[in-house]
Amino acid sequence: MSALFSKTLKAGKTTYFFDVKEAKNKAKYLTITASQPSTSGEKKFVKRSINVFGNNAEKFNDALKEAMSNLR
């Protein structure tokens, strides 16, 4: 499945991937993946992902904005 939109952000040892995809039922969703080098000494990466579907995108965005305002 190819992404409709992709953006990569490198931040130190972590790389973030933002991908907008389309499910089989045509619903669009956002996948945010964080990739970090393994701490076990192996040449592997640990990946963690979350999916945000379109019907929850506005609520997710509002919560993210609120959290970001508390970082300052």
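Is I50 buried, exposed or partly exposed? I50 counts as partly exposed, since its relative accessible area is 42%, which falls between the 20% and 50% cut-offs. Keep in mind that this is a predicted model.

**The overall picture**

Let's step back and look at the whole chain. The protein has 1 helix and 4 strands, and going from the N terminus the order is β-β-β-β-α. Its radius of gyration is 15 Å, well over the 11 Å that the globule rule gives for 72 residues, so the protein is more spread out than a compact globule. If you box up the C-alpha atoms along the principal axes, you get roughly 40 × 35 × 15 Å.

How much of the protein counts as buried? Just 15% of the 72 residues do. The accessible surface adds up to about 6100 Å², and carbon and sulfur atoms account for 54% of that surface. As for contacts between residues at least 6 apart in sequence, 8% of them link residues at least 24 apart.

**The nonpolar patch**

Back to I50, which sits in strand β4, residues 45-53. Together with F60, L64, M68 and L71, I50 makes a nonpolar surface patch of about 460 Å². Which element gives the most to this patch? That would be helix α1, spanning residues 54-69, with 3 residues.

F60 is one of the patch members, and its place is in helix α1. At a relative accessible area of 30%, F60 is partly exposed. Setting aside residues up to four places away in sequence, F60 touches I32, I50 and V52. So what about the start of the chain? The C-alpha atoms of F60 and L4 are 20 Å apart, with their positions 56 residues apart along the chain.

**T31 and its surroundings**

Now for strand β3, where T31 is found. T31 is buried, with a relative accessible area of 8%, because buried means under 20%. Which side chain does the T31 side chain meet in a polar contact? The partner is the side chain of N51, at 2.7 Å. Beyond its sequence neighbours within four places, T31 touches F17, F18, D19, S49, I50 and N51. So the patch residue I50 turns up again here, as a contact of the buried T31.

**Two phenylalanines on strands**

F17 also appears among the contacts of T31, and F17 itself lies in strand β2. F17 is partly exposed at 28% relative accessibility. The C-alpha atoms of F17 and T31 are separated by 7.8 Å, with the two residues 14 apart along the chain. Not counting residues up to four places away, F17 touches K7, T8, T31, I32, T33 and S35.

F45 is in strand β4. Its relative accessibility is 57%, and F45 therefore counts as exposed. Leaving out neighbours within four places in sequence, F45 is in contact with S35, Q36, P37 and S38. S35 is thus on the contact lists of both F17 and F45. The C-alpha atoms of F45 and F17 are 14 Å apart, and the two residues are 28 apart in sequence.

**A loop residue with a positive phi**

Where does K26 sit? K26 is in the loop between β2 (14-22) and β3 (28-37). Its phi is positive, about 75°, although K26 is not a glycine. K26 is exposed, with a relative accessible area of 59%.

**Accessibility side by side**

Here are the residues discussed above, with their computed values.

| Residue | Relative accessible area | Class |
|---|---|---|
| T31 | 8% | buried |
| F17 | 28% | partly exposed |
| F60 | 30% | partly exposed |
| I50 | 42% | partly exposed |
| F45 | 57% | exposed |
| K26 | 59% | exposed |

Notes. Residues are numbered from 1 along each chain as its sequence is written. This is a predicted model: local features need pLDDT of at least 70, side-chain atom pairs count only at pLDDT 80 or more; totals for chains, interfaces and linings use all residues. Side-chain values use heavy atoms; hydrogens and water are left out. Patches are made of residues with over 30% relative accessible area and no salt bridge: like charges are joined within 9 Å, nonpolar side chains (Val, Leu, Ile, Met, Phe, Trp, Tyr) within 5 Å. Accessible areas come from the Shrake-Rupley method with a 1.4 Å probe; for residues, only the protein chains shown count as cover. A salt bridge is a side-chain nitrogen of Lys or Arg within 4 Å of a carboxyl oxygen of Asp or Glu. Buried means under 20% relative accessible area, exposed over 50%, partly exposed in between (1.4 Å probe, protein chains only). The radius of gyration is taken over C-alpha atoms; the globule rule is 2.2 Å times the number of residues to the power 0.38. Contact means heavy atoms within 4.5 Å. A polar contact is a pair of N or O atoms within 3.5 Å; within protein, one must be able to donate a hydrogen and the other to accept it, and residues adjacent in sequence count only if both atoms are side-chain atoms.
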